[in-house]
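Reader: I'd like to learn how to read a fold feature by feature. Could you walk me through one?

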Amino acid sequence: MSLARRILPCLDTDGERVVKGVHFEGLRDAGDPVELAARYNAEGADELVVLDIAAARDSRPTFLKTIQRVAKQLNIPLTAGGGIRSLDDARAVVRAGADKITVNTAAVARPELLGELSREFGAQAVVLAIDAKRENGFWQVRVRGGRSATEWSALDWARRGVELGAGEILLTSVDRDGTQSGFDLALTAAISRAVSVPVIASGGAKLPQHFLEVFTEGAADAALAASIFHDQVQSIRALKSFLQANGIEVRLPC
Amino acid sequence: MIVTLIDYGAGNVTSVARALRRLGSEVRITDQPEQITDAACLILPGVGHCAALLGSLDAHGLRQPLLTALSRGTPFLGICLGLQALYQGSAEAPEVSGLGILQGRVDQLPQNVKLPHMGWNQLRVVRTSRMLEGIPPTAYFYFAHSYAAPTDGVETAAVCEHGREFTAVLEAERMFGVQFHPEKSGAPGAALLENFLRIAA
């Protein structure tokens with residue numbers, strides 16, 4: 001009896017439809033969020049993440065509607081984010097049915113946001129998303145969908161974010177994202193050992209072996225992927241059976 | 001039977017209501033004292049900080065009606081913080097007193113494991129539990145918390161472990177509590193809510 005490692009499918013949306021791209025660019029349509037949510041809920045996903053990667057002001061009402069429609073499909077937890085800049089934005093997302101909120105660019109711009117969210121919703125509901133890129137021997141925090149550099153090293157920002165109130169880190173390797181060449185194990189292990197909260201690894205997953213590595217060598221508590229699940233390259237059920245056969249504790253739905 | 005959901009402003013009221021409606025229940029969401037006094041069945045869903053829950057119960061004048069309903073034997077289910085609130089107090093907010101129906105205090109889980117305790121975990125049943133009837137002993141439930149209740153009271157029906165053992169399911173006559181979120185725990189969570197509704201009816 002111990003805590004199971006989690007598998008999280010992620011729906012990157014333009015507010016309304018699921019989209020996908022490599023290195024955050026070249027987006028194309030990848031399906032209906034409601035349909036995918038229902039499928040993942042039934043297949044044994046441990047949580048679902050839905051993001052508005054366009055995060056334009058005028059698409060907010062559409063995205064909130066998408067969260068509502070997705071939440072109706074689920075009896076597992078839902079994390080939502082993209083474009084959350086204030087407590088009011090977060091309240092709207094929670095009211096629409098999200099259990100957790102994820103913040104990225106806005107938290108770098110104004111770190112106090114993490115404390116405000118944590119006081120209102122509890123640390124367990126605040127997921128700090130960090131996009132990290134390898135630069136001259138350290139991992140640099142990138143914002144605005146991976147496009148803009150910041151002064152932060154991912155290690156320092158993760159530690160600071162947890163101090164301020166984040167209850168979980170969603171860590172994406174910008175270098176690996178969309179490449180299907182495996183998670184960045186060194187990055188994941190470094191962050192996971194540096195913080196006291198759970199770390200979700202993201203970016204680069206394709207093979208079951210990649211997940212096994214990120215849970216062992218990468219010390220990840222959870223792993224996230226998008227297109228390999230959308231395109232049915234990998235089924236969640238088969239992935240979990242593989243992990244269980246290799247000694248990783250996972251929840252296999254009855 | 002109408003299920004009365006106590007709305008103290010927590011984020012998960014909607015998802016608890018949705019889970020109950022899926023099971024065919026009629027749900028009333030309220031922060032009104034008189035609706036708690038006359039409730040046929042009460043659920044206190046909780047998530048976040050325990051000071052927010054207890055502070056909000058006091059701000060809305062709900063503490064006394066809730067205690068009265070519990071002492072009369074109104075069926076009750078506390079979820080997450082709703083379970084923790086039944087004890088004398090919590091280390092998360094030492095200045096606020098809990099409902100004090102159960103002996104003992106809620107403490108933080110040990111720091112040698114990742115906190116919050118977040119994700120799917122299994123239970124160890126310590127005595128026969130009506131709430132867990134028909135649910136496989138290997139079932140996983142979804143947890144998201146850093147503080148947890150002691151295990152030495154007679155009310156403890158099942159424990160879970162993360163750093164240490166803590167009460168995951170409690171039963172005391174018609175008062176029940178679960179540390180996990182049944183509304184987010186897939187089929188076993190729905191089965192547990194169904195058991196509660198059956199016992200309460």
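Author: We'll go through sheets, helices, backbone oddities, the core and the chain contacts in turn. Keep in mind that this is a predicted model.

Reader: Let's begin with sheets. What is the strand order of the open sheet of 8 strands in chain B?

Author: The order is 2-1-3-4-13-12-11-8, and the pairing is mixed. At the edges sit strand 2 (26–30) and strand 8 (124–125) of chain B, each paired on one side only.

Reader: Which way do strand 3 and strand 4 of chain B pair, parallel or antiparallel?

Author: Parallel: strand 3 (residues 42–46) and strand 4 of chain B share 5 bridges. To find the register, look for Pro45(B), which stands opposite Ile79(B) in strand 4. On to the next neighbour: strand 4 and strand 13 of chain B also run parallel, joined by 4 bridges. There, Phe76(B) stands opposite Met175(B) of strand 13.

Reader: And how many residues of strand 4 of chain B are buried?

Author: 5 of its 5, so the strand counts as mostly covered; buried here means 20 or more other C-beta atoms within 10 Å. As a general idea, side chains in a regular strand alternate between the two faces of the sheet.

Reader: Where does the antiparallel part of the mixed pairing show up?

Author: Try strand 11 (residues 156–162) and strand 12 (residues 164–172) of chain B, which pair in the antiparallel sense over 6 bridges. Thr156(B) faces Leu170(B) of strand 12 across that pairing.

Reader: What about the sheet of 3 strands in chain B?

Author: That one is open too, in the order 5-6-10, again with mixed pairing. Strand 5 and strand 10 (147–148) of chain B are the edge strands. Strand 5 and strand 6 of chain B pair in the parallel sense over 2 bridges, and Ser90(B) has Val106(B) in strand 6 as its bridge partner.

Reader: Now helices. What span does helix 6 of chain B reach?

Author: Helix 6 (residues 186–200) of chain B has 15 residues and reaches 21 Å from first C-alpha to last, close to the 21 Å expected at 1.5 Å a residue. Its buried residues are Gly186(B), Pro188(B), Gly189(B), Ala191(B), Leu192(B), Leu193(B) and Phe196(B). Among the elements covering them are helix 1 (13–22), strand 4 (76–80), strand 9 (140–145) and strand 13 of chain B.

Reader: Which residues are buried in helix 8 of chain A?

Author: In helix 8 (residues 208–216) of chain A, they are His210(A), Phe211(A), Leu212(A), Val214(A) and Phe215(A). Their cover includes helix 7 (185–194), strand 11 (199–202), strand 12 (222–225) and helix 10 (236–245) of chain A.

Reader: How should I read the backbone oddities?

Author: Start from the usual case: most residues other than glycine have a negative phi, and most peptide bonds are trans. Against that, Ala219(A) has a phi near 55°. Ala219(A) sits in the loop between helix 8 and strand 12 of chain A; it is partly exposed, with 16 other C-beta atoms within 10 Å.

Reader: Is Glu173(B) buried or exposed?

Author: Exposed, with 10 other C-beta atoms within 10 Å. Glu173(B) also has a positive phi, about 55°, and lies in the loop between strand 12 and strand 13 (175–178) of chain B. For a cis peptide bond, go to Leu115(B) and Pro116(B), where omega is about -5°. Pro116(B) is in the loop between strand 6 (105–108) and strand 7 (117–122) of chain B.

Reader: What does Val96(B) touch?

Author: Leaving out residues up to four places away in sequence, Val96(B) touches Ala51(B), Leu54(B), Gly55(B) and Gly89(B). The C-alpha atoms of Val96(B) and Leu54(B) are 7.4 Å apart, though 42 residues separate them along the chain. Val96(B) belongs to the loop between strand 5 (89–90) and strand 6 of chain B.

Reader: Which residues touch the most other members of the largest nonpolar core?

Author: The general idea is that nonpolar side chains tend to be buried together in soluble globular proteins. Here, that core has 151 residues, and Ile101(A), Ile169(A), Ile200(A) and Ala223(A) touch the most other members. Strand 7 (residues 126–135) of chain A gives the largest share, 6 residues. Among the contacts of Ile101(A) are Ala80(A), Ile84(A), Leu117(A) and Val127(A).

Reader: Last one: how many residues of chain A are in contact with chain B?

Author: 25 residues of chain A, against 31 residues of chain B. The chain A side divides into 13 nonpolar, 6 polar and 6 charged residues.

How values were computed. Residues are numbered from 1 along each chain as its sequence is written. Chains are lettered from A and ligands numbered from 1 in the order in which they are written. This is a predicted model: local features need pLDDT of at least 70, side-chain atom pairs count only at pLDDT 80 or more; totals for chains, interfaces and linings use all residues. A residue is buried if 20 or more other C-beta atoms lie within 10 Å of its own, exposed if 12 or fewer, and partly exposed in between; C-beta atoms are placed from the backbone. Two residues are in contact if their C-beta atoms, placed from the backbone, lie within 7 Å. Two strands pair if DSSP finds at least two bridges between them. The expected span of a helix is 1.5 Å times one less than its number of residues. Ala, Val, Leu, Ile, Met, Phe, Trp, Tyr, Cys and Pro count as nonpolar, Asp, Glu, Lys and Arg as charged, and the others, Gly among them, as polar. A nonpolar core is a set of buried Ala, Val, Leu, Ile, Met, Phe, Trp, Tyr and Cys residues joined through C-beta atoms within 7 Å.
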